[in-house]
Structures are given as structure tokens and as C-alpha cells.
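Trainee: I would like to go through this model and ask how each label is earned. Can we begin with the layout?

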Amino acid sequence: MTDTSTRPARTDSPAPPPGPPGRATGGSWWSRQEMTRGFWVKLVLVALVDALGVYGVLAAAALAQWGIVAFLAVALVVVNVVYFSKRMMPAKYLVPGLLFLLVYQVFVVLYTGWTAFTNYGDGHNSTQADAVEAILVQNETRLPDSPSYPLTVILSGDELGFAVVDTEGEAQVGTADEPLHRTDDATVEGGRVTAVEGWETLQFAQVLERQDEVFALRVPFSDDPNDGSVRTPDGSTGYVYVSTMEWDEAAGTITNTATGDVYTADQEVGSFVSEDGTELGTGWKVFVGLDNFTRVFSDSTLAGPFVGVLLWTFAFAILSVATTFGLGLFMAIVLNHPKVRGRKVYRSLLIVPYAFPAFLTALVWQGMLNRDFGFVNATLLGGASIPWLTDPWLAKIAVLVVNLWLGFPYMFLICTGALQSIPQEIYEAGKIDGAKPWRMFRSLTMPLLLVSTAPLLISSFAFNFNNFNVVYLLTEGGPDDLSAPVDVGATDILITFVYRLAFGGVNRQYGLACAVSILIFLIVASISAATFRKTRALEDLI
């Protein structure tokens, strides 16, 4: 028998191991956090993001941009939930990219699409109420018998205002955004306001320092825009300026009191139109449907230049791809031959143009092609005076040459790689069959080369179709076609033409520019899709 009296007492179960230090399994959210250095860094960064987001919310709310307010509020909630949750590790890496994708891609695409269906542009960039106010202001004039008021210029922060004494001897204060209104916080001495609580009264020397702002300041006389405004030509006396246009809100008309012409609000065109079809210069933004798209082809002042630009865009894109690929392939074949010595040095030199920024290279070429002082005319051509950038056809050639200089190194690199991936056994078999070099190039090299380069050629076509940098930096789309009814140049491609419509000249047409942008996308997408479908046949060669 075994004596068990000396055995240690048996326990029911081993004690659970202690948990990780500093980590609690219950309690509040704060008590469950691990107070490590990384947590504090994360807390500070998220707090900064929250501060910027709240600032954006307040700024957007002040401008009544409720869509932006909603987006920022949701984004802040998502950021805080994701970065303080222990179960959303993948989302921590995806959220920043997704937010930027929504802002810079999705929003831009949607806003461009929406703008394309409006008349948004110069003279049509706000609401009808703003248009009425602008029309009345633009036609304000000082009437011969208008009353005058002793005026004091006041300043609060960066905001200027007027303090005047009305006909009853009461002080009134107003700014550009706030009509004149009586105030009890002003001190009147000698029939003139000498002090206003919360405002600084400007002395004569201070008024002279800011005379441009003071003389341009317009303080509405009342909430009714028909009552006009108070302005000052000298900083000491205010005069009432009344518009020659009279707004009838009930009838929706503006009447020119000088001529008697009546302009009725037309919601289809977003403008005030008289019976004879005359429109006032300032209108408002409205939905116009497909008008911008149909204008491109039906408006006689736009259809001709658009077709010309479209044809040149196709020619520019096709020739750019053909020349850069042709030169790049030729150089790759030459430098791929084993008998060529110093191939590494030549290859390094050929990719030098690829290493410089494209915009800088274009500007350098612009100087080199200057007719009077450029290196090409002055040195290479012995002082010739060839208008490379001012003649329509020479400018097109110059654009193609510069784009060839910028683009062939890329084609050289991809062709070199593709050539070296072709098995040499295929050429050995061709030689055994008696094929000549041209036959092997046409039947072996090119088909196998296109298998790997065809998608890159398609993307190169799409890139050159919208190659804004080379055209704009070299010629700015010029030389301008002075006979054209719109602002267009000989080397303008569609994307630079869109830029001119949107931001060039004085008649900016954002809606029309967005419509043309959508047409460009449809053209490029259609050609790319059709071409990719054709290239599938090359895959059978592998």
C-alpha cells in the first residue's frame, strides 16, 4: 500500500493566467484603451482631423452648403469610429483613400455631369434674386435731386461701413451686406456721427489711404433693392443712388424706367427677356437639359470650330502615337542588336528626355523655337526667321516634334523590354525556313511585340487625346484663328478648347465646357473599348 498522508492537497483547477498589462476587459470605452505612445499619437492626429472637419462644417453651414455639411459630418463619424475601433483594421488603411476618392473623383465627375445640363457661366452663376440685385446695382445712378447725408466712414475689423445722420437727426449705420438702420450706440455732434460703439471712425487721412474701397462701397438704403443705396464721392457726404431698373416681384418683371422697356423672367433660359427677345446681361443658373450638347453641333458659331478642333485632335493623337512608337521601336531594334557597341551608354542617353519634367521641356522648346531669338533659327538654321509658333501649320508640326521628343523614350523602353522577351528559338526557326529579316520582322517581331505593347499604345492614344500640357505650354493653342466666331487656335485640341470655353476670355461657359468634356470622355472610352476588343485576337499568338 502507498501512504498518501504526505501528498500535497489537490486543487480543483489551475489559476487563470494574468491578462495583458494595462488592458481592461470591461468598463467605459476610455478604460478599455491601452495607454501606449501610439494611442496618444492617434488621439492627437484624429483630434486635428476633427478640428479641421468641424471648421469645414461651420464654414459650409455659413454658406448654406448643406450637402458639404452632411458629407463632412458623416466623414468625421466614420473616421472616429474606424480609428478607435479594434475590429476595423483593414478600414484604417482604406478610409483615407476612399474619402479622397469621393472628393476628387466621384464628386468631380458628378458635378461635371450636373453642370453640363445647366447654363452655368458668366452672367448665369447664381440665383434669380442675386441676378435682380446685380441688375439694379449695375444700373444705379445718382439722381439730380437725390438727398445728401452727412457721412462718416467707420471700420470694424476689415469691414467698412457708413454712419449717416438722416433727415430726422437720427444716426444710421450700414455696411455692404447690411442696409442702413437706426442705432442708439452712435454719438452725433454738429449734425455728424463722431463715434459708434464697436466701430472705429476713420479720419480724413485714413479715408484717403483706403479711398478706392471707400468710393466703391455701396450701402443699401433698405431691404427693398428698388430704394437704391448710399455712396460717397468724397468720404464726408453720402448721396442716394437709385437704379433706372425697377423690380416687380409679383409680376416677375424688371422695367427700365428711362425707356419703358419691360423684361420678363424666363425660367427656361435663366434671364430677363423683353418682347423683342432682348436679354439683360445678367441672368441666373437654370437646368437647360441637352441644350449644351446640341449647341456643339447645331450652333453655327460653335459647330465649325468644334469639328476643326476634333479632326486635329484625332490627327494629333494618332500621329503622336505613331511617331513616338515608330522612333522608339527603331531605336530599340538598333540597340538590341548584339553587334552594336556601347549599347548601355546609348540607352542611358536616350531616356534623358524622359527624365526631365514635361512642362519644363515644353517651355524650353518654346524658347528654342522663337522666331527671332530661338536656338533653332539663330544657330541651327543660320539666322533664319521661320515662324515655328505663329504659323498655323508650322505650329502643328512644332507641337508634334516636341511631343515626339517627350514621348519616344517611353516607347523605346517598353519596346526594348518586349523585344528581349521574345524567344530566340523563333528566329532560329524562321532562318531555317528561309525567312528574310523583313519577313521575320513583319511576321514574328511585330505580332509578338504588339501582344505586350498594344494596351500601352491604346493608353498612349487616350493620353495624347487629352495632352493638355504640350499644347498649352508650347503654343497656348495658338496661333489664334481671328476669323472664328469663338476663341480657338490652330493647335487647339479638345481639352485646350474646353479650357478656353471655361476659363478663357470674358465669356466663360462652364456648362458648355462640361458638356464638351463629357463628349471627349465618350469618344476616348468608345475608341479604347473597341480597340481593346480588337487586341484580344493578338492573345491567340501566344
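Mentor: This is a predicted model, and in it the C-alpha centres of domain 2 and domain 3 lie 57 Å apart.

Trainee: Where do the domains run along the chain?

Mentor: Domain 1 covers 35-114, domain 2 covers 140-281 and domain 3 covers 295-538. These bounds come from an automatic or database domain assignment.

Trainee: What makes the chain more spread out than a compact globule?

Mentor: For 542 residues the globule rule gives 24 Å, and the radius of gyration here is 36 Å, well over that value, so the chain is more spread out than a compact globule. Along the principal axes, its C-alpha atoms fill a box of roughly 115 × 110 × 50 Å. The secondary structure comes to 18 helices and 15 strands.

Trainee: Which pair of residues shows a separation in space as well as along the chain?

Mentor: Ala-462 and Val-188 are 274 residues apart along the chain, and their C-alpha atoms are separated by 71 Å. Ala-462 belongs to helix α15, residues 437-465.

Trainee: How do you know what Ala-462 touches?

Mentor: Contact means heavy atoms within 4.5 Å. Leaving out residues up to four places away in sequence, Ala-462 touches Val-524 and Ser-528.

Trainee: How much space lies in the largest pocket, and which residues lie nearest its centre?

Mentor: The space is about 650 Å³. The lining has 25 residues, and those nearest the centre are Val-108, Thr-112, Cys-514, Ser-517 and Ile-518. The elements that give two or more residues to this lining are α3 (89-115), α17 (494-503) and α18 (510-535). Of the contributors, α3 gives the most, with nine residues. By domain, at least three lining residues come from each of domain 1 and domain 3.

Trainee: How do the lining residues divide into nonpolar, polar and charged?

Mentor: The lining of the largest pocket has 19 nonpolar residues, six polar and no charged. Cys counts as nonpolar, so Cys-514, one of the residues nearest the centre, falls in the nonpolar group.

Trainee: What is unusual to look at in the loops?

Mentor: Gly-478 and Pro-479 are joined by a cis peptide bond, with omega about 5°. Pro-479 is in the loop between α16 (468-474) and α17. Ala-64 has a positive phi of about 60°, although it is not a glycine. The loop that holds Ala-64 runs between α1 (37-62) and α2 (66-83).

Trainee: Where does pLDDT stay under 50?

Mentor: pLDDT is under 50 over residues 1-13, for which the model has one contact beyond four places in sequence. It also stays under 50 over residues 19-24, with five such contacts. Where pLDDT is low, the predicted coordinates should not be read in detail. For the chain, the mean pLDDT is 85, and 93% of the residues reach 70 or more.

Definitions and conventions
Residues are numbered from 1 along each chain as its sequence is written. This is a predicted model: local features need pLDDT of at least 70, side-chain atom pairs count only at pLDDT 80 or more; totals for chains, interfaces and linings use all residues. Side-chain values use heavy atoms; hydrogens and water are left out. On a 1 Å grid over the protein atoms alone, a cavity is a set of points where a 1.4 Å probe fits but cannot get out, and a pocket is an open set with protein on both sides within 12 Å along at least five of seven lines; lining residues have an atom within 4 Å of a point. Grid points are joined across faces, edges and corners, and a volume is the space filled by probe spheres set on the points. Helices (H or I, at least four residues) and strands (E, at least two) are DSSP runs, numbered from the N terminus. pLDDT is the predictor's confidence in each residue, from 0 to 100. The radius of gyration is taken over C-alpha atoms; the globule rule is 2.2 Å times the number of residues to the power 0.38.
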